[in-house]
Amino acid sequence: MTVRTRVAPSPTGDPHVGTAYVALFNMAFARSQGGQFLLRIEDTDQARSTAESEAAILEAFRWLGLEWDEGPEVGGPHGPYRQSERGALYQEAADQLVADGHAFPCFCTAERLDEVRRAQQLAKETPRYDGHCLSLSKDEAAARIQAGEAHVIRMKIPETGSCVINDLFRGEIEIAWSQIDMQVLVKSDGMPTYHLANVVDDHHMAITHVIRGEEWINSAPKHRLLYDYFGWEAPVLAHLPLLRNPDKSKLSKRKNPTGINYYRRMGYLPEALVNFLGLMGHSMPDGAEVFNLDAFIAAFSLDRITLGAPVFDQEKLAWLNGQWLRGLSDQAFADRVVDWGLNRDSLMPLVPLIKPRTERLCDLAPMVGYLLGARRSLSAEDFEGLALEGEALLEALQFTLWRLEALGDWRRPALVATVEGLAAELGLKIRVLLAPLFVALSGQAVSLPLYDSLVFLGPDLSRARLREGLEALGGVSKKAAKRLEKRYAELDQGGADEESAAES
C-alpha cells in the first residue's frame, strides 16, 4: 500500500500555525513511508472563502518549506484540488445517499431549528436535529423540491447503539449515536458541507491515513457512517493533540499570535518555526531539540507522538530561533536580514511615506523602527492624555480589533472605510478613534499615517499589536467582555437595520 496523506485548509482567513503543524506531520509521515502528500483547498464556504486567502496559505506553506506532491498549482491525477470545482461529484454522492435511504431532504427553517435547540438546552439534552422531516414520503419531498422550497440534505443516524472508532494513537473510542446529530450534508445553496466533501474527496483521492487535530474526534462517527453507507474502505484515523497556550487552553489568537505571517514579519526563520512545530508532540530519537526538516522526516514515526498537550511557548520559539540565527555564517546572517526586511521590495512601499518627512538618512530609523522591527512594549501610561479613557478606550480598541479581524480586504480603501465607519457608529471624531490606534500600532502618539502603517504591517502583525494594546490596559475581563459583546452586537444590528431600510 502506498501511503497517501493530505492537508485541507479552508481559505477563509490568515495562514494558521495550527494548519502548518498538521501539514508538517502529514508530510513527514508520507515522506518517511515513501508515499505522497496532497494539499486540497476546502472552499465550500463560498461566503468566506477568498482567492487572496488561498494564495496566502500556499505562499506561507512554501516559505516554511512544506511541499505537496498533488494539489493546486501542482496538479495531479486526482484533481481538481479545490472543492468548489468538484460539485458534480458531491451531488452524485448525495443523490446516491438519498436514493439508498441513508439521507433525506429537510425543509425545516432556521427559526424552527432555533426553537428546537432552545427547548433541548432547557431540558438539558444534547442539542441535535429532532428528525422532523424524516417522516416525509419521497413523493411529498419531491413535490416540495419541485416547487422550489428551500431545503438541505441530512444524513440518517442510527437511533440506538454506538459507534466504535479506531484511533491510531488512542485505540478504540466509543461514542453513542444519541450524541451524534443528523448532519447537514448539502446546504440549501447546493454546496456540500465539510463532512460530505471530506469523505468523498478522501475516497476518490485514495487517502490512506487521515492525520488531523483531536477536535475532529466527535465528527469521526459521521464520517465512518458515510464510508459504510457508500461501501468504501475508511482510511486510518489518527488525531493529533491540539496546540495549547501556556495556560493549557486551546491555542487562540486572543492569547498567542497564530498567523504564520506574524512570525515571518517578526523575523523568525522558517527553519526555526518548522523545527518548533516538529517538537509539538513528537520527540527525536536522540532527544535533539534543534534539527532541520530533512532530519525530522528521516526520524519521524507515529509511534513517537505523545498525546500530552503541546504548549506553543513563545519563549521557547524565540530561543530556538536564536539557535538557528547564531548557527548561520556571517554572510548567511546578512542575507537573511536583507531577505527579511531591508530589501528593495520591502522598502519601496515606505518611500512615498518617508521621503517627504526625511531631512537626513539617519532620521529613517526612529521614523520606521516600529514598521521594520518589534514595537516597544506598551504600558497603560502610553494611553494617558487621550480623549478616550477607561471603558470607552477599551471599547474603541476592542471594536476596532473585531472589525479588522472580520476584514478580508487589507487594502487602504477598505481599511479607511472600516475604521471611519466604526468611528461614525460610535459617534466619535475620526482623530479621537485614531489616537489610541496610533499608540497600539507604533508605541508613539504620532507616527506615519495609520492606514499606510496597517497596510505595511499586514493583518497578522496589526491585529497582534491591537491585542497587545488591550493587554497593556489590563485586558478585558469576562464581565467586561460580555458588556462589550452586547454593545458590539447592537452596533452590527443597527447597521443591518439601516441597510434594510435603504433597500425597502
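Which residues form a nonpolar patch on the surface? Here is a short tour that starts with them.

1. The patch consists of Val 338, Leu 342 and Leu 347, which together offer about 220 Å² of accessible area. Areas come from the Shrake-Rupley method with a 1.4 Å probe, and for residues only the protein chains shown count as cover. Patch members have over 30% relative accessible area and no salt bridge, with nonpolar side chains (Val, Leu, Ile, Met, Phe, Trp, Tyr) joined within 5 Å and like charges within 9 Å. A salt bridge is a side-chain nitrogen of Lys or Arg within 4 Å of a carboxyl oxygen of Asp or Glu.

2. A word on the model: it is predicted, with local features needing pLDDT of at least 70 and side-chain atom pairs pLDDT 80 or more, while totals for chains, interfaces and linings use all residues. Residues are numbered from 1 along each chain as its sequence is written, and side-chain values use heavy atoms, leaving out hydrogens and water.

3. Leu 347 sits in helix H13 (residues 344-347). Its relative accessibility is 32%, so Leu 347 counts as partly exposed, between buried (under 20%) and exposed (over 50%). Helices (H or I, at least four residues) and strands (E, at least two) are DSSP runs, numbered from the N terminus.

4. In strand E8 (residues 209-213), five of five residues are buried. E8 pairs with strand E9 (residues 236-240) in the parallel sense over five bridges; pairing takes at least two DSSP bridges. Val 210 has Leu 237 as its bridge partner in E9.

5. Helix H1 (residues 17-32) has 13 of its 16 residues buried. Gly 34 follows H1, with a positive phi near 70°.

How values were computed:
Buried < 20%, exposed > 50% of the residue type's maximum accessible area, 1.4 Å probe, protein only.
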